Amino acid sequence: MLHFVVILFVIFVICVIFPELYFRTLTSYRTTIGVGGPYPKPFWQGLQFALKLNRENIFTHLRTYAETFQKSYAFFGFGMVYVHIIKAEDMEKILNSSKHAKKSFLYSFLVPFLGDGLLISGGTKWSQRRRILTPAFHFNILQQFLKIFQEESVKLSKKLFALDPEDRGIVNLPPLTSRHTLDTICETAMGVKLDSLEEPDAYRNNIYSTARLLVDRSLQPWLASDVMFKLLGYQEKLDKCLKPIHFFTRKVIQQRRGKILEAGTTPMASTNEDIYSEKKQRYAMLDTLLGAEQNNLIDAEGIREEVDTFTFEGHDTTASGITMILFCLAGHPDVQQKVYEEIRGVREEKNGAPMEIGDYSNLVYTDRVIKECLRIYPPVPLISLDR
Ligand code: HEM
């Protein structure tokens, strides 16, 4: 019996007392005391708190803290200080400071998925890739994509209208909106029509499972180490999801490369000066990358990383934005009516002619509704930077 008590005591000291004393010696622990955030929790309570956190409640926890403290605040968790910025003025200081340009370790979890693409890379690699890609996102290039945006939007509204009126009360929007945005990003940025491929559904389903695994990993500190992630079987699950995702993006690249070879055209990589010039021919994102490959500025794996980054960033954010905007409009029929009337008014002025890019700036109320929905339900609710 005595042996048992001694063993329990030793376990208690190793698992609770030692980590507690260790954390209390950290500057980060002391830094968070008295800066207007939650008082640093003792190790054991911190662990209990971490065990309760999940995908569903993390956002609400942070919102509750924001409401309680009414200002940007700091909190301590597992050896690190986190600063939750909730005021635009504080964010401005951070974004303007080169001290805070480094992405946090959480982004390393995305590497097996997105490689070292723009979202994750830093330093010269990031600057060089940004220089290659910036011309592909010049405002003028949007003009040539307008027709695709309009065609894809008509397809989405037809799908919504085609729903059985009995079911229209409850609609599971994400599969519809993400199909719409994936088609749009592939046709605009990649120049590939998805109707011609069979894999988009597998891609979207696996993106969903990948996101779940990665969010779980960022919420459970014991999964941070690669060894534990592998030992607990998560790595295998992740690899299974990533295989069809990378297969899909490689196929998109292959198809575009084939089309360019067939047409005998050579997309050229733009230079920095081209960004502002009106004369140069602009190419969609993938063509720009393929042009850069011919100039030895990027290799095939680099192209795959950027295509994965843009396909994911470009379709998932916009799909959740559209989903939440439709959700908000459904809950506010008066606002919905005003948006409808404004769009109708602009359409009538056009006398049936298709809307041009300048006509969208007349949708002032609709623009404000979209921005307010994005503010209340941000598609990217948090980013994480290291100092
Ligand atoms: C409502 C839509 C969107 C929202 C709310 C959004 C939000 C964001 C945010 C917050 C970041 C910074 C992420 C971080 O540092 O962790 C980011 C980065 C990025 N986004 Fe978006 N995004 C949207 C649409 C798009 C689209 C349509 C594309 C592609 C066509 C795109 C491509 C990217 C890329 C490549 C980056 C990394 C940029 C870099 O670090 O240089 N995003 N986005």
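Modeller: Helices here are DSSP runs of H or I with at least four residues, and strands are E runs of at least two, numbered from the N terminus. The model is predicted.

Colleague: How many helices and strands are in the chain?

Modeller: Counting such runs is enough here. The chain has four strands. Its helices number 16.

Colleague: What box do the C-alpha atoms fill?

Modeller: The box is taken along the principal axes. Of the 387 residues of the chain, 21% count as buried. The C-alpha atoms fill roughly 85 × 55 × 45 Å.

Colleague: Which domains make up the division of the chain, and how many residues of each are in contact?

Modeller: The chain is divided into domain 1 (10-100) and domain 2 (131-331). The side of domain 1 that touches domain 2 has four nonpolar, one polar and one charged residues. In contact are six residues of domain 1 and four residues of domain 2.

Colleague: Where does UniProt place the feature "transmembrane region", and what is the helix content there?

Modeller: The unreviewed UniProt entry gives residues 6-23 and 105-123. Neither span holds strand: residues 6-23 are at 0%, and residues 105-123 are also at 0%. The end C-alpha atoms lie 25 Å apart for residues 6-23 and 15 Å apart for residues 105-123. Helix content is 100% over residues 6-23 and 26% over residues 105-123.

Colleague: Which residues come nearest to the ligand?

Modeller: There are 15 residues around the ligand. By class they divide into eight nonpolar, five polar and two charged. Those that come nearest are Glu313, Gly314, Thr317, Val380 and Ile383.

Colleague: Which element gives the most to the shell around the ligand?

Modeller: Two elements give two or more residues each: helix 9 (173-190) and helix 14 (300-331). Seven residues come from the element that gives the most. That element is helix 14.

Colleague: Why is helix 9 called largely enclosed by the rest of the structure?

Modeller: A residue is buried if 20 or more other C-beta atoms lie within 10 Å of its own. Helix 9 is largely enclosed because its buried residues number 13 of the 18.

Colleague: How far does helix 9 reach from its first C-alpha to its last?

Modeller: Helix 9 has 18 residues. At 1.5 Å a residue, 26 Å is expected, and the model comes close to that. The reach of helix 9 is 25 Å.

Colleague: Which residue just after helix 9 takes a positive phi?

Modeller: The place to look is just after helix 9. Phi there is about 70 degrees. The residue is Gly191.

Note on methods
Residues numbered from 1 in each chain as written. Predicted model: local features only at pLDDT ≥ 70, side-chain atom pairs only at ≥ 80, totals over all residues. Near = placed C-beta within 6 Å. Nonpolar A, V, L, I, M, F, W, Y, C, P; charged D, E, K, R; others polar. UniProt positions renumbered as here; feature names shortened; annotations may be inferred. Buried ≥ 20, exposed ≤ 12 C-beta atoms within 10 Å, placed from the backbone. Domains from an automatic or database assignment. Contact = placed C-beta atoms within 7 Å. Expected span 1.5 Å × (residues − 1).
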